[in-house]
Every structure is written in structure tokens, then in C-alpha cells.
Amino acid sequence: MSFYRESVCPCLTHLAMSASSLRPYRQAVTRQASGRVLEIGVGSGANLGFYGNSVECVTGIDPSAGMLRRAAGVDTNIPVLLLQSAGEALPLESGSFDCVVSTWTLCSVSDPHLVLEEIGRVLKPGGHFLYVEHGLSPEENVSRWQDRLNPAWHRFAGGCNINRPISKIVAESSFRVVSDNNAYASGPRLFAFFYQGDAVR
């Protein structure tokens, strides 16, 4: 199981998250970022090449050493610091970031509410939490199957959950939601209901 988690799963995740269909979502999120940026769940670094000149530097955290090794090889024109850490306990100073970015990450953390607390802690007052995630469909016939399949999917996909109501989770946090745009992307509906948002500390 350890070999699958540390070697096979990072490779599969990298291939899945490198899909060209996800590129517009990555661009939409990263072009809003500015200043000192923290990326939660940086993974293999798929977002790093999209950050613009308004970004001073990026700190990327991920619990997987295998994913961070891939991220370290990404070419980028901005300073990047990569740290192995879980989002539930960030080894970072409070109020030290202008922006936090999360792309398809809240689905796999053990406690998304605690992660959002940590994001709020490290953000400066008025800082933005920018995200695109996948999760629970608003269609009952789809969400019912998401609930049924989630236990098996969670084990296979390295802790990913397909049935988290991301908008509800963010709304329950201390953030003020600025935008919340949700719709199906291309692909199987079990995995393709996307949540895109901007929330302010």
C-alpha cells in the first residue's frame, strides 16, 4: 500500500491533473492571484507556469514527497518554495500571505474545515482564497451514486472524495464569499461538478 501511495498514486494523479481540459480552470484561478501566494496541494506543480507578473512568490505545500519531486522540476519565472506539509497544520506564520490558491485539493484533505481555518490564519486581512474544486453534484440521481461509490474511490484515488459540498463548506467558514460559480465540466458527471470561487478573509 505504501508503494502505491508514494509511487503509483502520484504518477496517476499527475497524469489525470495534467489534462488539457483543466488548463482553462487553472488559468482562471491563477490570473487572479497576486503578491505572496500560498498554494495548498501544489501537487506536481501544474499551476506554477500560469502565475503572472503580479505574483511576487509562491509557497507550495503538499503532503506527498512524490508529488513535490515532480513540482521541483517545473520551470517558472517566479521564486517558488516547496514544503512537505498537510494543510491542516501549516508550518507558516500567521498573516503572511496575500492570496491562497487551491485547485482540486479540498476533496482530498482529511478535514476541509480545519484546512480553511489554517488558510484564514495565514492570510493577511483582506486576503483572497481562490479555488476550483470538484465535488457533490446538485442532481440527486448523480449525488446518490457519488455517495455509493465514494468509499471505493477514496481508497483508489489517494484520499480523494467525490461527494463533498464545497460551496457549503466554504460558506460555513469565516470567509466572506465574493463569487461562487458552479457547473459541470466535460467528463463523467460523477467527477465533473466543479466549484469555482473567491472568498475574502
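A residue counts as exposed here when its relative accessible area is over 50%, as buried when that value is under 20%, and as partly exposed in between. Keep those cut-offs in mind as we walk through this predicted model, because Pro91, with a relative accessible area of 53%, is exposed by that rule.

Let us begin with the whole chain. The protein chain contains six helices and seven strands. Read from the N terminus, these elements follow the order α-α-β-β-α-β-β-α-β-α-α-β-β. Along the principal axes, the C-alpha atoms occupy a box of roughly 45 × 40 × 30 Å. How does the radius of gyration fit with a compact globule? For 201 residues such a globule would come out near 17 Å, and the protein chain has 16 Å, so the two agree.

The contacts and surface fill in this picture. Among contacts in the protein chain with a separation of 6 or more, 64% join residues that are 24 or more positions apart. Of the 201 residues, 47% count as buried. The chain exposes about 9700 Å², and 54% of that area is supplied by carbon and sulfur atoms. As for charge, there are 17 positive and 18 negative side chains, and the centres of these two sets lie 4 Å apart.

Now let us return to Pro91. This residue sits in the loop between strand E3 (80–84) and E4. Setting aside residues up to four places away in sequence, Pro91 touches Leu83 and Ser85. Val122 is 31 residues from Pro91 in sequence, and their C-alpha atoms are 9.7 Å apart in space.

Leu38 makes a good next stop. You will find Leu38 in strand E1, which covers residues 35–40. Is Leu38 buried or exposed? Its relative accessibility is 0%, under the 20% cut-off, so Leu38 counts as buried. Beyond its neighbours within four places in sequence, Leu38 is in contact with Thr59, Ile61, Leu90, Leu92, Phe97, Cys99, Val100, Val101 and Val122. The C-alpha atoms of Leu38 and Leu81 are 9.5 Å apart, while the two residues are 43 apart in sequence.

Further along the chain, Ser64 lies in the loop between strand E2 (55–62) and helix H3 (65–71). With 15% relative accessibility, Ser64 counts as buried because that value is under 20%. Ala86 is 22 residues away from Ser64 along the chain, and 8.9 Å separates their C-alpha atoms.

Gly126 belongs to strand E5, residues 123–134. At 43% relative accessibility, Gly126 falls between the two cut-offs and therefore counts as partly exposed. Its contacts, apart from residues up to four places away in sequence, are with Val200 and Arg201. Gln84 is 42 residues from Gly126 in sequence, and the distance between their C-alpha atoms is 27 Å.

The aromatic residues are our last topic. A pair of aromatic rings is described by the distance between the centres and the angle between the planes. The structure holds nine aromatic pairs. In one of them, Tyr184 and Phe193 have ring centres 5.2 Å apart and planes at 75° to each other. Why is this pair called edge-to-face? The centres are within 6.5 Å and the plane angle is over 60 degrees, so the pair meets both limits. Phe193 is buried, with a relative accessible area of 8%, whereas Tyr184 is partly exposed at 24%.

Tyr25, Trp104 and Phe194 form one aromatic cluster. Where does Trp104 lie? Trp104 is in the loop between strand E4 (97–103) and helix H4 (112–122). Trp104 counts as buried because its relative accessible area of 11% is under 20%. Look at the backbone here too: phi of Trp104 is near 50°, a positive value in a residue other than glycine.

Notes: Residues are numbered from 1 along each chain as its sequence is written. This is a predicted model: local features need pLDDT of at least 70, side-chain atom pairs count only at pLDDT 80 or more; totals for chains, interfaces and linings use all residues. Side-chain values use heavy atoms; hydrogens and water are left out. Helices (H or I, at least four residues) and strands (E, at least two) are DSSP runs, numbered from the N terminus. The radius of gyration is taken over C-alpha atoms; the globule rule is 2.2 Å times the number of residues to the power 0.38. Buried means under 20% relative accessible area, exposed over 50%, partly exposed in between (1.4 Å probe, protein chains only). Contact means heavy atoms within 4.5 Å. Accessible areas come from the Shrake-Rupley method with a 1.4 Å probe; for residues, only the protein chains shown count as cover. Lys and Arg count as positive and Asp and Glu as negative; His and the chain ends are not counted. The place of a charge is taken as NZ of Lys, CZ of Arg, CG of Asp or CD of Glu. Rings of Phe, Tyr and Trp (its six-membered ring) pair if their centres lie within 6.5 Å; planes under 30 degrees apart count as stacked, over 60 as edge-to-face and the rest as tilted.
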